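I opened this notebook to record what I looked up in the structure shown below, entry by entry.

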Amino acid sequence: MNVRAAAASVLFQVVDKGQSLSNVLPMEQQNIRPRDHALLQEICYGALRILPRLESIASELMESPLKGKQRVFHHLILVGIYQIGYMRIPAHAAVGETVEATKTLKGPRLRGLINAVLRNYQRNQEQLDQQSLSHNAGKYSHPSWLLKLLQNSYPQQWTEIIEANNQKAPMWLRVNHQHHSRDDYQQLLKNEGIDSTTHPEALDALKLATPCDVSLLPGFDKGWVSVQDAAAQLSLNYLQPKDGELILDCCAAPGGKTAHILERTNNSQVVAIDCDEQRLSRVHENLERLNLKAQVICGDARLPQEWWHGEQFDRILLDAPCSATGVIRRHPDIKWLRRADDIDALAELQREIFDAMWLKLKSGGTMVYATCSITPQENSEQVKAFLARTQDAQLIDSDPAQPGRQILPGEHDMDGFYYAVLKKA
């Protein structure tokens with residue numbers, strides 16, 4: 001398939017059909033040449049980051065929008081605009097390849113229209129680009145509800161959050177402590193000409209100067225290293241697992257934190273539970289590559305009595321389902337798939353899981369509540385409410401008036417994450 005046609009198909013499925021980019025992109029990559037995978041990813045991620053700007057430009061160039069069966073060609077126009085305005089592809093090549101994609105998408109009659117629109121953008125690019133930034137949607141590339149939420153929740157930092165959200169995410173590695181120390185593995189990378197830097201808190205984390213294919217990483221197939229953001233790796237700092245303990249990783253898929261616990265402990269029994277059977281397959285794959293063993297269970301975290309009949313746990317990592325507003329730079333489709341009313345629904349689900357999991361924690365045990373969100377409703381307010389209704393819960397190492405730690409996107413070049421540590425009295 002023409003890679004521009006594949007990109008238009010991805011955008012159509014994400015924006016118009018509400019599908020996840022993480023699900024759609026790999027399927028479309030199967031239809032194009034392997035050497036074009038990176039180009040397809042760059043177009044799709046980039047276009048979704050600045051979608052309102054592209055939509056604004058397209059609306060100025062067209063008398064009426066394409067609808068119905070022609071909607072995929074609307075997204076093909078966005079693909080063309082993005083290439084001309086934001087990529088290093090020569091304009092004539094971007095126009096030619098995008099127009100050629102009409103054949104693949106079975107719309108040759110729209111060839112002339114798409115060619116005219118893209119040529120017009122070429123001629124008037126400076127003016128149209130400036131105009132696309134004249135309103136908040138184009139300037140900030142965030143939906144109005146999320147922009148308002150960030151402004152209200154972070155009056156001093158919201159512009160920095162938005163700027164971080166609209167950047168490409170770095171590639172962080174987690175070094176498997178069972179094979180190498182972080183410093184030793186960093187030297188192995190250096191020997192291969194791969195530059196990296198360490199993190200001040202995440203003891204196994206290395207940030208690559210330039211992202212690369214995992215096949216280029218020394219010993220990746222042997223389990224020496226994994227890809228995981230440094231903020232997610234901090235879960236180990238807060239959980240502080242000990243050898244020989246019974247530990248639950250709740251809502252564990254795709255299994256990075258489960259594996260990290262196992263890499264840093266001996267003789268611990270780790271249980272990984274998630275309600276999504278398909279996502280649990282990733283847990284199994286990661287454990288197999290790393291040669292680690294955990295008890296993997298598919299179940300509803302709100303109903304532990306249906307899947308757990310053993311002892312209470314020494315430690316529970318509750319990585320709660322959330323809005324994922326802290327990882328927008330990795331998943332730009334989140335901005336367009338989430339809705340304002342999702343936050344309240346997710347907060348209610350988190351509350352139910354929080355209460356259910358607390359019953360499975362031993363007296364004296366530790367629970368870490370975590371999300372990859374930056375909304376207070378899912379984080380500090382959620383923990384405050386839990387403490388208010390749970391007499392035997394003690395907050396550790398933070399202020400009850402503002403419980404836990406909120407990591408904002410871009411802090412030490414990390415994703416946005418939240419952690420609160422609780423002990424059962």
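**Entry 1: surface and overall form.** I began with the surface, where the chain exposes about 19400 Å², with carbon and sulfur atoms supplying 47% of that area; accessible areas come from the Shrake-Rupley method with a 1.4 Å probe, and for residues only the protein chains shown count as cover. I note early that this is a predicted model, in which local features need pLDDT of at least 70 and side-chain atom pairs count only at pLDDT 80 or more, while totals for chains, interfaces and linings use all residues. Residues are numbered from 1 along each chain as its sequence is written, and side-chain values use heavy atoms, with hydrogens and water left out.

I then looked up the make-up of the chain, which has 19 helices and 12 strands; these are DSSP runs numbered from the N terminus, helices being H or I with at least four residues and strands E with at least two. The radius of gyration is 23 Å, close to the 22 Å that the globule rule gives for 425 residues, so the chain is as compact as a globular protein of that length. That radius is taken over C-alpha atoms, and the globule rule is 2.2 Å times the number of residues to the power 0.38. Along its principal axes, the C-alpha trace spans about 70 × 50 × 40 Å.

How much of the chain counts as buried? I found that 53% of the 425 residues do, where buried means under 20% relative accessible area, exposed means over 50%, and partly exposed lies in between (1.4 Å probe, protein chains only). Among contacts with a separation of 6 or more, 71% come from residues 24 or more positions apart, a contact being heavy atoms within 4.5 Å.

**Entry 2: the second largest pocket.** I turned next to the second largest pocket, which holds about 350 Å³ of space. The residues closest to its centre, out of the 16 that line it, are Arg49, Tyr82, Tyr86, Asn166 and Lys168. Helix H3 (37-49), helix H5 (71-86) and helix H11 (158-165) are the elements that give two or more residues to this lining. By class I noted 6 nonpolar, 4 polar and 6 charged residues in the lining; Ala, Val, Leu, Ile, Met, Phe, Trp, Tyr, Cys and Pro count as nonpolar, Asp, Glu, Lys and Arg as charged, and the others, Gly among them, as polar.

For the terms, I wrote down that on a 1 Å grid over the protein atoms alone a pocket is an open set of points where a 1.4 Å probe fits, with protein on both sides within 12 Å along at least five of seven lines, and that lining residues have an atom within 4 Å of a point. Grid points are joined across faces, edges and corners, and a volume is the space filled by probe spheres set on the points.

**Entry 3: backbone exceptions.** Most residues other than glycine have a negative phi, and most peptide bonds are trans. I found a cis peptide bond between alanine 253 and proline 254, with omega about 5 degrees, and proline 254 sits in the loop between strand S5 (246-250) and H15. Lysine 106 has a positive phi of about 60 degrees although it is not a glycine; it lies in the loop between helix H6 (91-104) and helix H7 (111-123), and it counts as exposed at 75% relative accessibility. Asparagine 267 also has a positive phi, near 60 degrees, and its place is the loop between H15 and strand S6 (269-274), where it is exposed with a relative accessible area of 74%.

**Entry 4: single residues.** Is alanine 259 buried or exposed? Alanine 259, in helix H15 (residues 256-264), counts as buried because its relative accessibility is 1%. Leaving aside neighbours within four places in sequence, I found alanine 259 in contact with Arg174, Leu290 and Leu292.

Glutamine 233 is in helix H13 (residues 230-233) and is buried, with a relative accessible area of 1%. Not counting residues up to four places away in sequence, glutamine 233 touches several residues, including Leu173, Arg174 and His260.

My last look-up was serine 20, in the loop between helix H1 (3-16) and helix H2 (21-29), which counts as partly exposed at 25% relative accessibility. With residues up to four places away in sequence not counted, serine 20 touches Val14, Asp333 and Leu337.
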